[in-house]
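Visitor: I have a structure to look through with you. Please keep the answers short and show the reasoning.

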Amino acid sequence: MQTIKYSIFIGVFLMSNLTLADNTYKYGYVPQSFPRDPVEVNQFAEHILLGQVLEPLIETDKFGNVVAGLAESWKFSKDGLSVELKIANKRKFSNGKELTAKDVKYTLNRILEKKSQSSNFLSSIQEVKILNDHKIEIKLKDPNVAILKALSRDQVGIVPENWNFDKKSNEALIGTGPYRLLKLNDKWHFVVNELYPNSSSIVIKNWELLYFTGQGIDIPQNEIPDFVPCATQAIKDSVLKLNNTKAFEVFDQVSFAQTSAWWHPSGANYDSREIQNRAMDFIEYAFQKGSEVLKQRRATGVIPKGVSGHTTESKLSVNKPKINQKKTNLRIAYSGSMFDEFIKQVDLKKIAKEFNFDLEVVRLEITDLPKISENKPDMVFGAWAGGFNDPEGFIALLSGFLGKDFKAYIGSSLSKLYLQARSEQDWTKRSTIFRELNERLRSERYMAPGWGIPLYVIGKDKINEEEATFRYTPRLHLVKIDAK
Amino acid sequence: MKQPISIKKYFFTLIAPTAIIFSIVVVTLLLINDFRITEATRLDSQKLIFQSFLHSIRQPLIQGSFVEARIRSKEMLNNKQIACIDITTPETNIHECSNVKGSLKLNLLSEKLLFSESSTEAFAEVSVTFDNSDLLKHIWIQILKAIAIFIALGFLLFGILSIAFKQVRRELEEVLESSNTGKSSNYVFKITEFGRLSERVAENIVFAQEMAGSKAAFALASQVAHDIRSPISTLNLVSSTLNEVSEDKRELIQLASQRINDIANQLLEKSKQGLTNSHHQAQAMHFDLLSPVIESIVAEKKAQYSGSRNITISLDISNGLNVIGYFNKMELLRCLSNIINNSVESLDQASGKIDIRLSQTLNEAVITIQDNGLGIPHDILIKLNEGQALSHGKVSGNGLGVSHARKVIESFGGKLHIESEQNVGTKVIILLKKSI
């Protein structure tokens, strides 16, 4: 009898593995925090996963241009204060429920109410009204050129009405996207959503998600991924060490990710202009060193190069003070692993002493980013790729990062500039205003730009994805396998 | 007589207008073809411009940024080819036009912008009107330029040719005219070959005329010769039985009839040989005493003209009794007969005197026939000495006699020259090669 049980167990195990092995590819890499409630997602590595399961109202093509998503059409009011969206007919969630306007309203309100990074991007939304089963109206507080791009973020993917995130569920996310997030044999998989239009054309039916081994970016040594999009330099180096590098092909990916440092409102020295200037001089100096050591391009401002409103000047002259006995305490906090290598290679404490600081560096987990203010840092390091291809995509998220409303943080003069930029309808003027804001944020010592973070696409040589251009996140359902 | 061809008239009425019209038509067709190619290229480039504009206007429109869309439309109007841009969305209409004052050639391109590739719903319709009237203006200007240039070049060319070839044109006209009349003339040849050809043509015309005359004459002579032999035979027979006529007169009659018979035989012979160049017919010539020949013809002529008018024919051979000349007897007799007959005809109706003399120089025998007749006008005399066949005021002269005599004498290697003075008389001088 026991033998029979074992046989059955082994048979089932083998059968399930056979099922999995059939057209199953390994996706690298997934943060330990995933899956999470979409409204809480603030990591780039997480939200590109959301994009495979959830679909937003607005899509972007591979050039970053707005195209129809779940909203198949829309029209703006003449004053630009409202937009009426027509929801696609006959679309279904992976659980079989039909998509309606109610689901859209529920999703958007959910985000607005949470006060998260995502809610910052949608802060110009005043109200969401249902007009009929497949029509909604979004009312805005003020005209916002970037509102459609804000609605294209993966985190704003539509979920069913009354759905709530349950990590214990075997299908933690319910969406209308090309894949379902399913737990199979204690492993999370992306499995083709049969209710997705033209799902039969999706070549790879099953992706097994490979996780980082810890909270950092260490990868498992005994698992060879088939496809690793949006890999940083460190991840790339790790992957290429796993196996014969000839088995992989590596391509540069368009990247707007970069690092920066911000004078933080929760710090003890926040109100001291002298310390602020000296601290920002110290960080500009250290970041210049860091970009040289890490051999990365120095960033120029909060708006990265390639996005409308970026600045071109990367260097800022700094003044080293006369070294004196009295040192000021300076606390810097950061989350995630993006600065680990920088801190390892650049002796920050030594440089800090040259600027008359006693430095303390606090490292937090990436998931603790919303709690960074609790550590009362004078300065925080941040690394992000932005929300979308627009100046707003890099500024709107700052409020959550800084723990303070951004307009209040930057003061009345810059706030006026910011609001002017947000409402400007002439794109050239808008870009000029954002550029001025970008320059002044640095020159008035609110922030110091770090370095650009290059991203790569790594895949086994038969994997063929669409050319990585200005689309923000990859689309796994478009990945093909070469016949040769 | 045909009128000479007017080259100038021919050129202005036919060649020049035809060339001008033909060239204008060809140039116009080429320009029209060029216009079509230019237009097709222009339309293709405008399609590209339109697609490029659609690409630039799409995102502002789809994101509801109509201010930006209007700005981009206005900027697009900096392209002078674009007359109007119209954009229609559910929210607004954008209509931007440049200052176009009426246009003959418009190209309207229009497209609906869809929300996505799989969508059928449009968020905007964009129309761009291109103004191609500059192409029409351009082509008209090109045509007028071409016509003006062509006409200017035509006149310039004609002027140059007229000046340069004026002399040639004059000679061409003269050549053509002389070819029509059969006379040759001297030319300062600029078109040497044409001049030579013309001279040959003139000579051939003259020869053809002479041949035509000769042919007819030969035919007639042949007929006469044939017919005359019978009565001559009768005359010979009868004259031998005339006892009442003196011996010397019977001998004269026989000599004369014999000469007539010889002439007839020669004519028949010539007609059988065919009409080759009569100037170069083989002549039987030999050295012989001249005096008996001259005596015989003088005797004949005396007898011929003894009954009519008071004509004295004298002969002096005292200085030429033993002169041996190089000649053909029959031909020489004929020549002398014709010359004496001419002299007789030139005499006054009432009386006249013809002196015939045979003498010699160191190398030549000289026969002179001098009369005191009316003489020959100077201009005629010149032509006669040049060998032209003329008749001047003679009642029955055919003009061939002197010309024929000259040619005969020259065929002997001799010469014939005429001296004359009106109302005084004429002297014909025959020079023959002499046996030394």
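Visitor: Is B:Cys335 buried or exposed?

Guide: This is a predicted model, so the values are computed from predicted coordinates. Buried means under 20% relative accessible area. B:Cys335 has a relative accessible area of 0%. That makes B:Cys335 buried.

Visitor: Which cysteines of chain B form a disulfide?

Guide: The structure holds one disulfide over all chains. Its sulfur atoms lie 1.6 Å apart, and the cut-off for a disulfide is 2.5 Å. The pair is B:Cys84 and B:Cys97.

Visitor: Where do B:Cys84 and B:Cys97 sit, and how many residues apart are they?

Guide: The pair links distant parts of the chain. B:Cys84 is in strand E1 (residues 82-88) of chain B. B:Cys97 is in strand E2 (residues 93-97) of chain B. They are 13 residues apart.

Visitor: Is the link of B:Cys84 and B:Cys97 right-handed or left-handed?

Guide: Look at the angle about the S-S bond. For B:Cys84 and B:Cys97 it is 100 degrees. The link is right-handed.

Visitor: Which class of accessibility does B:Cys97 fall in, buried, partly exposed or exposed?

Guide: Its partner B:Cys84 has 16% relative accessibility and counts as buried. B:Cys97 has 35% relative accessibility. Partly exposed runs between 20% and 50%. B:Cys97 is therefore partly exposed.

Visitor: And A:Cys230, buried or exposed?

Guide: The limit for buried is under 20%. A:Cys230 has 10% relative accessibility. A:Cys230 therefore counts as buried.

Visitor: At what angle do the axes of H7 and H8 of chain B cross?

Guide: Helix H7 covers residues 291-305 of chain B, and helix H8 covers residues 329-346. Their axes come within 10 Å. The crossing is right-handed. The angle is roughly 40 degrees.

Visitor: Are H7(B) and H8(B) parallel, antiparallel, perpendicular or oblique to each other?

Guide: Roughly parallel needs an angle under 35 degrees, and roughly perpendicular starts at 65. The axes cross at roughly 40 degrees. H7(B) and H8(B) are therefore oblique.

Visitor: How do the residues of the contact of H7(B) with H8(B) divide by type?

Guide: H7(B) brings residues including B:Val293, B:Ile297 and B:Tyr305. H8(B) meets them with residues including B:Leu332, B:Leu336 and B:Ile340. The residues of the contact divide into nine nonpolar, four polar and two charged.

Visitor: On to chain A. How far apart are the axes of H12 and H13?

Guide: Helix H12 spans residues 406-423 of chain A, and helix H13 spans residues 427-443. They pack at an angle of about 160 degrees. That makes H12(A) roughly antiparallel to H13(A), and their crossing is right-handed. The axes are 8 Å apart.

Visitor: What kinds of residue make up the contact of H12(A) with H13(A)?

Guide: In H12(A), the residues include A:Phe406, A:Ile410 and A:Leu414. In H13(A), they include A:Ile433, A:Phe434 and A:Leu437. The contact divides into ten nonpolar, two polar and four charged.

Visitor: Which residue does a cis peptide bond join to A:Phe34?

Guide: Omega of this bond is about 0 degrees. The partner lies in the loop between E1 and helix H2 (44-53) of chain A. It is A:Pro35.

Visitor: What is omega for the peptide bond from A:Gly28 to A:Tyr29?

Guide: A:Tyr29 is found in strand E1 (residues 24-30) of chain A. The bond from A:Gly28 is cis. Omega is near -15 degrees.

Visitor: What is phi of A:Asn185?

Guide: A:Asn185 is in the loop between strand E8 (179-184) and strand E9 (187-192) of chain A. It is partly exposed, with a relative accessible area of 45%. Phi is positive in this residue, which is not a glycine. Its value is near 55 degrees.

Visitor: Is A:Asn198 buried or exposed?

Guide: A:Asn198 also has a positive phi, about 60 degrees. Its place is the loop between E9 and strand E10 (206-211) of chain A. Its relative accessibility is 61%, and exposed means over 50%. A:Asn198 therefore counts as exposed.

How values were computed. Residues are numbered from 1 along each chain as its sequence is written. Chains are lettered from A and ligands numbered from 1 in the order in which they are written. This is a predicted model: local features need pLDDT of at least 70, side-chain atom pairs count only at pLDDT 80 or more; totals for chains, interfaces and linings use all residues. Side-chain values use heavy atoms; hydrogens and water are left out. Axes are lines fitted to C-alpha atoms, for helices over the stretch in contact, and angles run from 0 to 180 degrees between N-to-C directions. Helices (H or I, at least four residues) and strands (E, at least two) are DSSP runs, numbered from the N terminus. Angles under 35 degrees count as roughly parallel, over 145 as roughly antiparallel, 65 to 115 as roughly perpendicular and the rest as oblique. A crossing is left-handed if the near helix is turned anticlockwise from the far one by less than a right angle, and right-handed if clockwise. Contact means heavy atoms within 4.5 Å. Ala, Val, Leu, Ile, Met, Phe, Trp, Tyr, Cys and Pro count as nonpolar, Asp, Glu, Lys and Arg as charged, and the others, Gly among them, as polar. Buried means under 20% relative accessible area, exposed over 50%, partly exposed in between (1.4 Å probe, protein chains only).
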